[in-house]
Amino acid sequence: MKYQVLLRGENFELNWEGKIKNLGFFTTRCVKADSIEDAENKAVQLIQNDEWLKSALIEKSEYSPMVYMEEISQAKWWKRVGGKGYTFWEMGNE
């Protein structure tokens, strides 16, 4: 089955436009999977393996980055597996 998975990331300390910032993000990934749980795991793994994101992460961050599934739905069709892009926001200092 094909799934669209909306993910939320928190506490990603990134080198962003020449400054170090603690950011959160939303992103959608499309995966083929046998179950909802498998779809969630595959989508999170796409984030963990994203070379651009890994290269922007600060190595010795004081934060622990986390990825959460916000929403998942079965997709009737789409052209390719994966997906790109993030919508970032600056996290507050709670």
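**Sheet architecture, nonpolar core and aromatic cluster**

The charged end of arginine 29 is placed over the ring of tyrosine 86, at 5.0 Å from the ring centre. This arrangement belongs to a predicted model of a protein chain of 94 residues, of which 32% are buried. Two helices and four strands constitute the secondary structure of the protein chain, and the elements follow one another from the N terminus as β-β-α-α-β-β. Along the principal axes, the C-alpha atoms occupy a box of roughly 40 × 25 × 20 Å. Among contacts in the protein chain with a separation of 6 or more, 75% are made by residues 24 or more positions apart.

The four strands form an open sheet in the order 3-1-2-4, and their pairing is antiparallel. Strand 3 (66–74) and strand 4 (87–90) occupy the edges; each has a single partner strand, and therefore one side of each lacks a neighbour in the sheet. From one strand to the next, the twist averages 20°.

Strand 1 (residues 2–16) and strand 2 (residues 19–32) run antiparallel and are joined by 13 bridges. Within this pairing, arginine 8 has phenylalanine 26 of strand 2 as its bridge partner, while asparagine 15 is partnered by isoleucine 20, also in strand 2. The hairpin formed by strand 1 and strand 2 has two residues between the strands, and glutamate 17 adopts a positive phi near 55° there. Strand 2 is further joined to strand 4 by four bridges, again in an antiparallel arrangement. Phenylalanine 25 lies opposite phenylalanine 88 of strand 4.

Helix 1 (residues 36–48) lies across strand 1, strand 2 and strand 3, and runs at about 140° to strand 2. The largest nonpolar core comprises 16 residues, among which Val5 and Leu53 touch the most other members. Two or more residues of this core are supplied by each of strand 1, strand 2, helix 1 and helix 2 (51–56). Strand 1 provides the largest share, namely five residues. When neighbours within four places in sequence are set aside, the contacts of valine 5 are Thr27, Thr28, Arg29, Val31, Ala39, Ala43, Met69, Glu71 and Ile72. Arginine 29, the residue whose charged end sits over the ring of tyrosine 86, is thus also listed among the contacts of valine 5.

Aromatic residues form a further set of interactions, with eight aromatic pairs found in a search of the whole structure. In one of these, the ring centres of tryptophan 52 and phenylalanine 88 are 6.1 Å apart and the ring planes stand at 55°, so the pair is classed as tilted. The two residues are 36 residues apart and link distant parts of the chain, with tryptophan 52 in helix 2 and phenylalanine 88 in strand 4. Tryptophan 52 is partly exposed, its relative accessible area being 43%. Phenylalanine 88 is likewise partly exposed, with a relative accessible area of 21%; the value lies above the limit for burial, which is set at under 20%. Ring pairs connect Phe12, Trp16, Phe25, Trp52, Tyr86 and Phe88 into a cluster. Two members of this cluster, Phe25 and Phe88, also stand opposite each other, with phenylalanine 88 in strand 4.

Key
Residues numbered from 1 in each chain as written. Predicted model: local features only at pLDDT ≥ 70, side-chain atom pairs only at ≥ 80, totals over all residues. Heavy atoms only, no water. Pairing = 2+ DSSP bridges. Axes fitted to C-alpha atoms, helices over the stretch in contact; angles between N-to-C directions. Contact = heavy atoms within 4.5 Å. Core = buried A, V, L, I, M, F, W, Y, C linked by side-chain atoms within 4.5 Å. Buried < 20%, exposed > 50% of the residue type's maximum accessible area, 1.4 Å probe, protein only. Phe/Tyr/Trp six-rings, centres within 6.5 Å; stacked < 30°, edge-to-face > 60°. Lys NZ or Arg CZ within 6 Å of the ring centre and 35° of its normal.
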